[in-house]
Amino acid sequence: MWRVGYVLVSLAAFASALEDDPYHPVMPERSLNPALLARGEDVASYWVENAQAPLRGLKSEGKKARNVIMFLGDGMSVPTLAAARTLLGQRSKRTGEESKLSFEEFPTTGLSKTYCVNAQIADSACSATAYLCGVKANQGTLGVTAAVPRRNCSASLDPAHRLDSIAAWALADGRDAGIVTSARVTHASPAGAYAHSAERGWESDADLGEDSPLCSDIAMQLVHENPGKQFKVILGGGRREFLSKDFVDNEGKKGTRTDGRNLINEWQEDKRVRNESYAYVWNRDQLVEANATLPNYLLGLFESSHLQYNLLRNITSEPTLAELTEVAIRILSKNEKGFFLFVEGGRIDHAHHSNYVELALDETIELSAAVSRASELLSEEDSLLVVTADHAHVMAFNGYTARGNDVLGASRGMDLTGAPYMTLSYTNGPGYRPAVDGIRPDVTAEENYHRDPKWRSHVDVPLSSETHGGDDVAVFARGPQHHIFTGLYEQNHIPHRMAYAACIGPGLHACNGAFRVANLPQLPSSVYLVASSGAPARDEFVKMMRRRVLLSLNLLIVLASVQYSIGDEYHNGLRELLRAERFKRNEEESSSGYWIRQAQESVGRRAGIAGGRAGGAVTGGAARNVVLFLGDGMSVPTLTAARTLLGQRESHTGEETHLFFEDFPTSGLAKTYCVDAQVADSACTATSYLCGVKTNRGTIGVTAAVERGDCDASTDRSSHVESIATWALADGRDAGIVTSARVTHASPAGAYAHVAQRDWESDANVRADRHDPDSCPDIAYQLVHQHPGVDFKVILGGGRREFLPSNTFDEEGTQGHRLDGRNLIEEWQIDKIARNVSYRYVWNREQLLNTNDDLPEYLLGLFEGSHLRYNMEADSRTEPSLADLTETAIRSLRRNDRGFFLFVEGGRIDHAHHENRATLALDETIELSKAVERAAAMLSEEDSLLVVTADHAHVMALNGYTHRGGDILGVSDSLGDDGIPYMTLSYTNGPGYRDPVDDKRADVTKDEDFGSPQWVSPASVPLSSETHGGDDVAVFARGAPEPNVHRPLRAEQHSSPHGLRGLHRTWFTCIGALVPGRAGCPLGALGRIPRSGSRLEELVPTS
Ligand SMILES: [Zn+2]
Ligand SMILES: [Zn+2]
C-alpha cells in the first residue's frame, strides 16, 4: 500500500479559516501524492481529457438543450434518497417505500465518484469545482486546479490554475446564468459557479486576513468579477458576507466585512450604471413582487447566513427553494438563447452534520419540490435537468424494519442489551450518547424524541460535526441527451456532459455547431408563487406532527424476539419480527399480476423510447445469452470501498480504480423493499429480481399471498411465480446456477424453488417447523427432482449437507442434514442415467477443471458442506474461485445454439458484512468482479447480456475525511472528540460493537488482531448479526449493444427480469411466458414496438 511522502502541513495555518463553518472542520493538509502528480492530476487538461474521452464515441443526434438546470442536493447520499422518499410517502399516509421523489421519475440514472485529488472523501468545495468546472481539485479550494494548495493565494492567481465554470461557458455563448441556494450564496457549492479561491472559507474580506492581500473574497468576486457580475439571478442567504461589521441589516443582523463596503449597494450601483433593470429583495413579499415585474437582474438575500431549515423557517418572510427556483427560471427564460441555472438544496448537508435526520430528509423533499416546479415550467424538449449530490453522508438505513414502519422511528428489533435502535442512524457525529454503567442508553426514552425536528439520531463516534461519506452519489437526468448521464463516472464528467448536451463550452458538442434556437419557450402562466401562502404549509406541518405522535405510540407495540436455531446463522429472528406489526398496504401487492403489470409498463416505456429514436423500428440483435450476477448485500458504499481496495492492492491510491463491471455502459438503481419489508432479505428480493414479482420477506417463488412459513398456502399453485430460468428453458435455451453460498440458499433458490420459508433447505428444517415435506418439499429436493431445477445443465456452489442423510458424512467429513434418508446427490445422478444423458458430479477444484476439457451434458458441483469458504480463507487448491465456477458454467451452457440463462452469485459479501468483517466483504466483491470479467472475456457483447446488481444493501459506511489514497481498511485521518481513532469503514450495528471502557468508546486499533482479515470492524449498536440496509442498490448492464445510446436503467427491483425477457436489445431477450411470439425471435418478426405508456396487452407482440 502506498504510504510514503505525506507531509503534514501546520495545522495552525488553518485555525482561523473556518471558525464560521461549524460543519466542516479543517483537516491537516498533506502534500500531493507524487504518483498523482506524475500522472498530471494537478493539471486541468488531465481531467478535461478524462471527461471528454467518453464523449468522443457519441454520434451527435437527438435534441440539444437550450436550457440546463443543475440541481445539487448537498450531501444527498443514496441512503438519503431512499429514506426521504419513504418519509414523503408516509406524509401522504402511505407505506412510503413505493414513493418516488420527483427526479427519481427521470428516465436516466447514473452514479458519480466524488473523491477529490487529495481527498478520499470530498468536501463541497473541491466537488463543486468538479461538477461545475469539470476538473477535480484539492479539498477546500474553488475554481482552481490541484496545483493550488489550500489557502495558497498566490498560486490561485496564476491564470494557468484558474478554471471556468459551466456558468461562464453559458454566458460566453450569449445565454444567461444564475444561482439559487438555501445556503449562503457565497458558500462552497454555489461559489463553484463563479469563484476562484484557494480557500472556501474566504467568503468575506474578514476571512481572508492580512496574509493574502492580493486575493479577493468570494462575495467580492460575485459582485465585481466575471462571471458573477453577469449573473441575472442570485438568490439565497448570506447577507452578512456583503455588509460591513458595523452595518445592521433589515433583520437586525450585523455584517462581517472589515473593509467598510456595502456590496449589496455596489451590486445595485453596477446595474444602474449599466442601465439595466434590477431589484434587490430580502423577504418573500418582495420576491413575489419581483416575480411580477421580472427585472433583468435580481439579487435576493433572505437571511444573514443560511436560509432557515424549511421546517423551522418563518413561512411569511422566507421563500421555499421551489419559489426561488420558479422566479429564477422566469427571469432567465427572457433570454431566447437559453440559460444555465444552478439550484442547491444546501441544508441537507448541514442537517446531516448535526445528525438531525428529519431535517435532512425534509430538505431533500424540498429539493424534490423545486425540481418538480422546474419540470412543470420547462419543456423536456429543450431543457436538460440534472439532479445529483456533491458527496455522501454516513447515515445508514438499518434494521429489519417492516414495510410502512415510521422511517423516523426505531427499528423493529432491539439490540443485545434490549435497547431499541433507530432505523436511521449515523456512524459518527454530535448525536453520540455516552454509555451509562457500560450500557448503551435508550434514545427513544429521551424527552424530545420524535417531537423535536432537532432531536439527534444516535451515533457511534463522538464528533462535533458528523462527517461526509465517501460512497458514490446518484445522478438523475431528464431532457435532451439525458441518456449520456447513465453509467458510473467521475464527478468532473458532469459539466462536460451538460455542456455537450447544451453545445456550450470548449469541449465536444452534441450539435457540432449546428445548434438552432427554436421558438421562444412559453412558460405556463403560473400562480404558484402567489398561491402558496404560508398558512396551508403550517397546517400540514401541525397535522404531520400529530400523526407522528400517533405513529410513535404504535411503535410501543414491540414483540419479544424468539431465537431461531435451525438454518441461517446470519438471518435469524427475522420471521418473528415479521409477524409483529400489522400495517396497511395495497392489497393488490399480494398478486403477481400487479407487479408484472407494473414492470411490463416500465419495460414498455423504455422500449417506446428506443423505438421512437430508431424511427419506430427495432434494429440490432436481441440477447441470446443472459448472465445475471448478484452481489449479495453489495451496497453502493461496498462498491466504492471495494474498488478502492482493488486499486490499493495494485499500489495505486485506489479511488480512481473501477471494478470490472463498473465500466459497463449502462447503470441504474433498484429499489429493494419487499411487500412486507422496508428493509429486504435475500429471499423476497430473489423472487423480485428472478421472478419479477415482489413478495414477503423469507419466501421464495411465491406471491405475497403466502405468508412466511405458511406451508398450506404455498401448495396452492396459483401462488407460484416462475423465474427467468424457467422462461429460458421453455424457449429451448439452457439454464444454470453458480454461487459461493449453498446452492439451496435464498438467492440461487429464487431461480427454481417455490417455498414459504427460505430456511427449508433440507427436509429436516421443514420437519422442525412441523410441516410435512411431502406437502412442502424442501429446497434441495426441489432442485434435484422438480422443474426447472431438474433441467438445469449446471449447478455449482456449496451446500452438500442439504443433499445428504444425517447418518452420512460427505467427502470432507461434513455430516448430512437430511432426516428422510435420501442421498440427493445420488438421486440427481440416477435421474440423469434414467434420461440417458451424460452427467458428472464433482466436489473439488481439480475435478471441476478437468471437466472443462470433457464437458458432460449435466454438471453438479458441490464444493463444501455449507457455503464455500471466504476467498481469503479458502484453500485455493481444493476450492474453486467464483471465476472458475463461472467459466465452467459458461463453457457448458454456450453449447446450446439457442442460448442460455445463467445466475451467478457472490453470496458471501452478505455474510462478511453480517459479521462486520469489512475486509472480507470487499474481497468477496472483488471476487465477483473477477467472475464478471471472466464471463465478459468468453461472451460476445453482440449477443450476450451481462447484468450485475445486488439484492439489498448493508449498513457499512465510508466515513471520516480520509486523504486520497488513505488505507481504505485503516483509520480515518482524525480522531473522535473522545481522542480515540475511528475507522474509515464502520457499521451502524452488528457483532463488532465493543463494550465501553469506563463508559468511553473502546480503541479498536489496539485490538490484537487489528488489520487481519479476521478482525471485526466496529459497530454502534450491539447485534449478533449486522442487519441489511434499506437503501437502493446499483445495476450495471452490458451487451447486445446499441450504438451511441446507453440505455437508461432504473426501476423497482422486480422490473429487471421483465426487462431481460422482453423485446429489445440491452433490455430484452426473446423469452418469457408473456411473449408468445417466440418463433419471431430474435426480433425479425416482432409485431410492433410497445409505445410509451403501453398496456400489458399491447406489449405482447403479434406474430
Ligand atoms: Zn458538509
Ligand atoms: Zn443477509
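**Notes on the predicted model**

1. A good place to begin is Ser124, where UniProt, in an unreviewed entry, places the feature "active site". UniProt positions are given here in the numbering of this model, feature names are shortened, and annotations may be inferred rather than shown by experiment. Please keep in mind that this is a predicted model, in which local features need pLDDT of at least 70, side-chain atom pairs count only at pLDDT 80 or more, and totals for chains, interfaces and linings use all residues. Residues are numbered from 1 along each chain as its sequence is written, chains are lettered from A and ligands numbered from 1 in the order in which they are written, and side-chain values use heavy atoms, with hydrogens and water left out.

2. Ser124 sits in helix α4 (residues 124-133); helices (H or I, at least four residues) and strands (E, at least two) are DSSP runs, numbered from the N terminus. Ser124 is buried, with a relative accessible area of 0%. Here buried means under 20% relative accessible area, exposed over 50%, and partly exposed in between (1.4 Å probe, protein chains only). Leaving aside neighbours within four places in sequence, Ser124 is in contact (heavy atoms within 4.5 Å) with Asp74, Ala188, Ser189, Arg200, Asp390, His391 and His468.

3. His468 leads us to the metal. The zinc ion (ligand 1) has as protein donors His24 (NE2), Asp349 (OD), Asp349 (OD), His353 (NE2) and His468 (NE2), at 2.0 to 2.3 Å. Donors are N, O and S atoms within 2.8 Å of the metal (3.2 Å for Na, K and Ca); water is not among the atoms, so sites may look incomplete. Along the sequence, the donor residues follow the spacing H-x324-D-x3-H-x114-H. Because His24 lies in the segment before α1 (34-39) and His468 in strand β16 (residues 468-469), the pair ties together parts that are 444 residues apart in sequence. Both are buried: His24 has a relative accessible area of 4%, and His468 of 0%.

4. Now to the nonpolar cores, defined as sets of buried Ala, Val, Leu, Ile, Met, Phe, Trp, Tyr and Cys residues joined through side-chain atoms within 4.5 Å. The largest has 180 residues, and Ile69, Phe71, Phe629 and Phe792 touch the most other members. Helix α31 (residues 918-938) gives the most to this core, with eleven residues. Apart from it lies another core, of 60 residues, which includes Ala128, Trp169, Ala499 and Ala510.

5. Leu101 also deserves a look, in the loop between α3 (78-91) and β2 (108-113). Leu101 is buried, with a relative accessible area of 0%. Beyond neighbours within four places in sequence, the contacts of Leu101 are Leu81, Ala84, Arg85, Leu88, Thr364, Ile365 and Ser368. The C-alpha atoms of Leu101 and Ser372 are separated by 8.9 Å, with their places 271 residues apart along the chain.

6. Finally, some backbone details to inspect. Most residues other than glycine have a negative phi, and most peptide bonds are trans. The bond from Asn226 to Pro227 is cis, with omega near 0°, and so is the one from His787 to Pro788, with omega near 5°. Lys93 has a positive phi of about 65° although it is not a glycine, and is exposed, with a relative accessible area of 66%. Asp998 has a positive phi near 55° and is exposed at 72% relative accessible area.
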